[in-house]
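This report looks at a few local environments in one protein model, with attention to accessibility and to contacts between parts of the chain that are separated in sequence.

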Amino acid sequence: MTAYTLHHRVIDRIRLPFRKEKEFFSLLYEVLGFYPRNASPYRQALLHKSVHRKEKGRPLDNERLEFLGDAILDAVVGDIVYHHFSRKREGFLTNVRSKLVKRDTLNSLSLAIGLDRLLVTQALNATHNSYLAGNALEALIGAIYLDRGYATCQAFVRKRLINRLIDIDKLAYQEVNFKSKLLEWCQKYRVSIEFRLIAQQNDAHHNPMFTTCIILADEAAECGEGYSKKESQQQAAKKTWQRLQRDTAFKEGMLTRCKTENCE
């Protein structure tokens, strides 16, 4: 730690307010590794929409900060991955970045740094929003950006999250079995699923290519291609799984359709 950094840390601590505010700043220090200068964005970052607070007639929750933090996180992680894997091509870098910013990873990181203990929410339990903590982490990064700027966001993500909690090399080469994940999800929610082979042809070099489409609850989901039936199924499962994670209307439509039709 440089003398300059130590000096500013001491100054920030001297500026700490008293009583409850001081306790809040101290708890944030344990998570962030630095003292906030402005508590307001951090309080909002930790306020889930279930609490129903308003300010000047507008909802006061962490969703806008989550949007901002998501964009900042993508840029920061992209920079980290780009420099860490200096010889890898764009496709590999994109895949690693996706693994680092996916909901499962963010949720695990949020829990690891204890962010869930600071959340203000009226959600009954984790099943109502299994990514509540991960969403709050994105909102927190948005708050850091507003309070301290982009460089501090970079330092927080690199030092407090990735360097301490993730083996980036191991994660980069870790394969996810999306077919198994999708089958488990369908079994849990009793959603019918079919892997339908719809095409088999040769590519430009006369290698056999297969195209598989997934049917969920009798409705077409996503298709995938591969040089084997298994690979095409994995690609289709990956696209379908990712769509379930990002497209709430699609996911809820599947669940509602099955509940109505008693899917098995």
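Which residues does Asn 207 touch, not counting residues up to four places away in sequence? In this predicted model, Asn 207 touches Gln 201, Asn 202 and Tyr 227 under that condition. Asn 207 is found in the loop between β3 (193-202) and β4 (208-216), and its C-alpha lies 7.4 Å from that of Tyr 227, although the two are 20 residues apart in sequence.

Asp 147 offers a second environment, with its place in helix α7 (residues 132-148). Leaving aside neighbours within four places in sequence, Asp 147 is in contact with Pro 36, Arg 37, Asn 38 and Tyr 42. Among these, two are reached through polar atoms of the Asp 147 side chain: the backbone nitrogen of Arg 37 at 3.2 Å, and the backbone nitrogen of Asn 38 at 3.0 Å.

A third site is a nonpolar patch on the surface, formed by Tyr 145, Leu 146 and Tyr 150, which together have about 280 Å² of accessible area. Of these, Tyr 150 has its place in helix α8 (residues 150-165).

The accessibility of three residues named above is set out here.

| Residue | Relative accessibility | Class |
|---|---|---|
| Asn 207 | 33% | partly exposed |
| Asp 147 | 12% | buried |
| Tyr 150 | 33% | partly exposed |

Asp 147 counts as buried because its relative accessibility is 12%, under the 20% cut-off, whereas Tyr 150, at 33%, counts as partly exposed, a class that lies between 20% and 50%.

Conventions:
Residues are numbered from 1 along each chain as its sequence is written. This is a predicted model: local features need pLDDT of at least 70, side-chain atom pairs count only at pLDDT 80 or more; totals for chains, interfaces and linings use all residues. Side-chain values use heavy atoms; hydrogens and water are left out. Patches are made of residues with over 30% relative accessible area and no salt bridge: like charges are joined within 9 Å, nonpolar side chains (Val, Leu, Ile, Met, Phe, Trp, Tyr) within 5 Å. Accessible areas come from the Shrake-Rupley method with a 1.4 Å probe; for residues, only the protein chains shown count as cover. A salt bridge is a side-chain nitrogen of Lys or Arg within 4 Å of a carboxyl oxygen of Asp or Glu. Helices (H or I, at least four residues) and strands (E, at least two) are DSSP runs, numbered from the N terminus. Buried means under 20% relative accessible area, exposed over 50%, partly exposed in between (1.4 Å probe, protein chains only). A polar contact is a pair of N or O atoms within 3.5 Å; within protein, one must be able to donate a hydrogen and the other to accept it, and residues adjacent in sequence count only if both atoms are side-chain atoms. Contact means heavy atoms within 4.5 Å.
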